[in-house]
Amino acid sequence: MILDPKIPEGPLADKWKNHVDHGKLVNPANKRKYEIIIVGSGLAGASAAATLGELGYSVKCFSFHDSPRRAHSIAAQGGINAAKNYQNDGDSVYRLFYDTIKGGDYRSREANVHRLAEVSTNIIDQCVAQGVPFAREYGGTLSNRSFGGAQVSRTFYARGQTGQQLLLGAYSALSRQIGLGTVEMFCNQEMLELVVVNGEAKGIITRNVNTGEIQRHSAHAVVLGTGGYGNVFNLSTYARNSNATAAWRAHRKGATFANPCYTQIHPTCIPVSGDYQSKLTLMSESLRNDGRIWAPEKVGDKRPPNEIPEDERDYYLERKYPSFGNLAPRDISSRAAKEACDEGRGVGETGLGVYLDFSDAIKRLGEDTIRERYGNLFAIYKEITNESAYETPMRIYPAVHYTMGGLWVDYNLMSNLPGLFVMGEANFSDHGANRLGASALMQGLADGYFVLPNTLPHYLADVPREPAPSIDGPEFVAAEGEVMERTGKFLNNNGTKSVKSFHKRLGEIMWNYCGMARTKEGLEKAIELIQQLREEFWRDVRVPGEGKELNQALEQAGRVADFLELGELMCRDALAREESCGGHFRDEHQYPDGEAMRDDEAFAHVAAWEFKGENEVPERHVEPLDYEETKFTTRSYK
Amino acid sequence: MNVKLRVWRQKNNDTEGGFENYEAKDLNPNMSFLEMLDVVNENLTDDGSDPIAFAYDCREGICGTCSCMIDGKPHGPETGVATCQTYMRSFKDGDTITVEPFKAKAFPIVKDLVTDREAFDKIQQAGGFVSVRTGAAPDANAIPIGKDIADLAMDAAACIGCGACVAACKNSSAMLFVSAKAGQLNLLPQGQPEKDTRVLNMVASMDEAGFGNCTNQYECSAACPKLISEEFFSKLNRDYMKASVKTLFKAKAL
Amino acid sequence: MNILHVLFKTSIGKKVAMAVTGFILFGFVIGHLSGNLQIFAHPDKINGYAHLLESLGPALWVIRLFLIVTVVVHIWVAVQLTFENRAARPDGYQKQITLRATLASRYMRWSGFVVLAFIVYHILHFTVRVTHGPGAYPMTVLADGTVVRDVHSMMVLGFQNPLLATCYLISVGLLSWHLRHGLVSMFQSIGLRTRPWSRFLERVSVIFCVLYFLGNALIVVAAMTGQIRIQNPLVAGYACRDACDVCGAINTEAIVENVDVAKDNQS
């Protein structure tokens, strides 16, 4: 299979403009004749649905939530990057482009990233016009903050709720189109299968989660904006219901899955407190500006932190990375925390945690200053752990928080399956092996508002102006049959173990062997364990209740079944990528000082996996990455 | 710790519901309320019974999906949190906890503790937006907005759309939701051109959905996980009457 | 859209209707209290005032009708709102706690009912004058010789009855309580309870309601403790005071005679 990224001709900075200038268009009178299915109503899905509806296409938007506004984009805290240079600190489209390429550890596609940087400024304009209440200066202009991986202040924010506000902005635009009748919204509808007609994506099968009704929907194109797959790990900062089913179903129908092993693990989350845990909560990275990270020097030191004398504390980040210290990048600090815990020096009940200590900062700056800077975060911490970080050090531990991999797409955001488009976190394209802070929101909205509405017509213009395929066609009947069969299997399995117990076990395998540091042996073992677990799942899972009603266990069963396949693919990808880069760290590939060792000769490419059948080994395809503008450099934070 | 639960079970909106008693044992006080329900559900599944359906998603208090009436207060005994941020340490060992769904005519019950809040979406579709074409926006700094106004708009915009306001209100009124949504946009310069139609349409949609009327008791604000202030009512009422009077006299710019 | 539709068919409009009628009625009770407080002056003051109102003729009926319509609208909309609010949650909760709603706000309906009953009785008592038999409604003569209704004596007579006085105190108390929520609500409903003065408004309304209650209670207490006495000899059974030359009579018979003469002159 040849994966053609279809990157337009011309110099990097002109590619997008040329592409838009010369792309095919759909006659305004014909637009409404084209039906477009959009799955997902997060930043990407809602903004794309609103924009395409506004352009005149007949759009159907699907969400498994009860309202489009509940998508997990809503939980992003920090902000959104844009190369506005409102701070006059030397920012530019090029600099945002360069920072993103470098932050992605040279594993992203230059042309896509440059386009992302170009449209970033339009996003801010659009959001402000919609009434998104970004933070402002007293003079009435927009305020910015700085974020990791950049030397300029280019992050726009709305308190600690930027994702919420941007999503509500996109949701308001979507609501307007729903009200106008250009977008038909299907809430409580979970996509369970993709329908491919004559080699092109032409429809989906959904289940109404409230009534259990299975529906067929056809269209001229199908767009997925269904988010990432971090819940493979069970415990993550993802919403409990975030899942990979839509993407995975598309993968099984022929769309290749790119770079599944790239997982971002955030260093400062609140540690797991017990077996019952369902969710990990992120604490903003900004805490590392004033907090000092340490673990006890002695193995198994169970004394309370305040009783451990200064000379028995190991400020390991300051020790290992003297120049960046506690501000070392996400992947590095996450790994260092894991090492300390693996050595048996972890703190807290579970031994999975290290201290983030503010006592020095409080001594130096006073409690009031610290309260002013981090009061809300300390309050969240207190709410969850019932401990005051003013008196005792915070306990933190890394947690899965974003997946850079996803369905492979070309420059037009179309997968190798014609007619199937993928946006936002669900695709693989813009962040390479590691995503910078405040870039996820940027990508979701860029794809939805500006990229897809300009690239989708290129495809549609060549699609005959006939009605979308009939939902009574054999492909639809067959796809519905598959869904019914699977659902029936779950409900009639009469096993003994709950879906949740399998999810938990899968998460443990993934976290132990495909988490922050991966080895060949570990990954091979994980593949074996996952295969066994999958077999056991299908044999012994118990799904109570009925199909024709709200049945949360049934929903979870389908999602976990897909995670059980995707998890294996992640391990395979991690195994095949014999290098360390960004969110993928192989113990075998590191410099003597523990730094990630990239292999640009052999691995400067995208690995896209093709599904070959149930329990078959998937095939790895490669899209080489050419760097015209940027040169490979090694990241160093010493 | 151990607690007893009285949980509202209802197959769907067409059938009668009732309370069932459950026991949750050996709980960690640092568990969230929803994690406690997870444990109860695991046990129910193991026993071959139908687990309790309850709404949840992000479990960090921002998506607004979770919606339990816990011991007579939406989202549980603490102030300014969603159900997912309620922890078992807020209860005493041996407590009996009554768990009900959010109830209102405009929020039909889907199953057990899950209610359908589509009425909120309908209100938003009626006017909760600024009509601006994608790509047609002026430069973001072209419209200066004072920090005080921006902050106030953000206070209103913090709403997570959970429906606790409706659930807490003795009259099932949606005034807090509508006033926050309309208030955010009506405060900002971007929202001015559609100010009048916005309030008229959103209020009409609210009335149509069958919500009750506000009697200015502000239970909504006290139950709101984001503690949105009832001060936005006043603005909504004022904007609404202004818009009505203007429509009455067909007031135009000239 | 027509204004009646807004005021009587929309949720916010109905609240505005409540607020506006409430405001009118609030103005009325304040005016009424100021009128009543004239009882602390010479009887002629309040009797003259009452006579002035009575002699407005058709204008009085316009005012009365206006007030009746206001009361009817206030109650009618309240009833409508109550039914809608009940319908908005057909199945109540098994358990629901109150978070911050004031007692006054929660019992508006009940305080309203009592006040309504009181108003009806009050009208029957003082306007229609059918509740207490002829003896309770004496006449008197003003300094200029006009024969007027002796409102002063009617009030004192009423308040000297402990049962009536207690009912009156309860009703006025509940009315103050009703106003306690109503006043602030009124501003909220018409959109004038804004952040800069909402706390001030809250306090002012409390002070206002307390003063309103005290103003009314003062009259009752004064009447019961004898601070204000009946000064109409016809009623009291003795001449008002020595050397009074208003009607030139110093005994009861003479007064009766004078009143009769005055009546004849009028007719």
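**Where two domains of chain A meet**

Mentor: In this predicted model, 10 residues of domain 1 of chain A are in contact with 8 residues of domain 2 of chain A.

Trainee: Okay, and which residues does each domain of chain A cover?

Mentor: The domain assignment gives 266-399 as domain 1 of chain A and 479-605 as domain 2, and the centres of these two domains, taken over C-alpha atoms, are separated by 29 Å.

Trainee: What area is buried between domain 1 and domain 2 of chain A?

Mentor: About 820 Å² is buried between domain 1 and domain 2 of chain A, and carbon and sulfur atoms give 57% of that area.

Trainee: Which three residues of domain 1 supply more than any other three?

Mentor: Those are Asp275(A), Arg335(A) and Lys338(A), which supply 56% of the area that domain 1 of chain A buries against domain 2 of chain A.

Trainee: Switching to charges, how many salt bridges does the rule find across the interface of the two domains?

Mentor: The rule finds 1 salt bridge across the interface of domain 1 and domain 2 of chain A; Asp275(A) forms a salt bridge with Lys504(A), and their closest N and O atoms are 3.6 Å apart.

Trainee: And which elements give two or more residues to the side of domain 1 that touches domain 2?

Mentor: They are α9 (330-342) and β15 (394-403) of chain A, with α9(A) giving the largest share, 5 residues.

Trainee: What's that side like by class?

Mentor: The side of domain 1 of chain A that touches domain 2 has 5 nonpolar, 4 charged and 1 polar residues.

Terms used
Residues numbered from 1 in each chain as written. Chains lettered and ligands numbered in written order. Predicted model: local features only at pLDDT ≥ 70, side-chain atom pairs only at ≥ 80, totals over all residues. Heavy atoms only, no water. Domains from an automatic or database assignment. Contact = heavy atoms within 4.5 Å. Buried area = accessible area lost by both parts, 1.4 Å probe. Salt bridge = Lys/Arg side-chain N within 4 Å of Asp/Glu carboxyl O. Helix = DSSP H or I, 4+ residues; strand = E, 2+ residues; numbered from the N terminus. Nonpolar A, V, L, I, M, F, W, Y, C, P; charged D, E, K, R; others polar.
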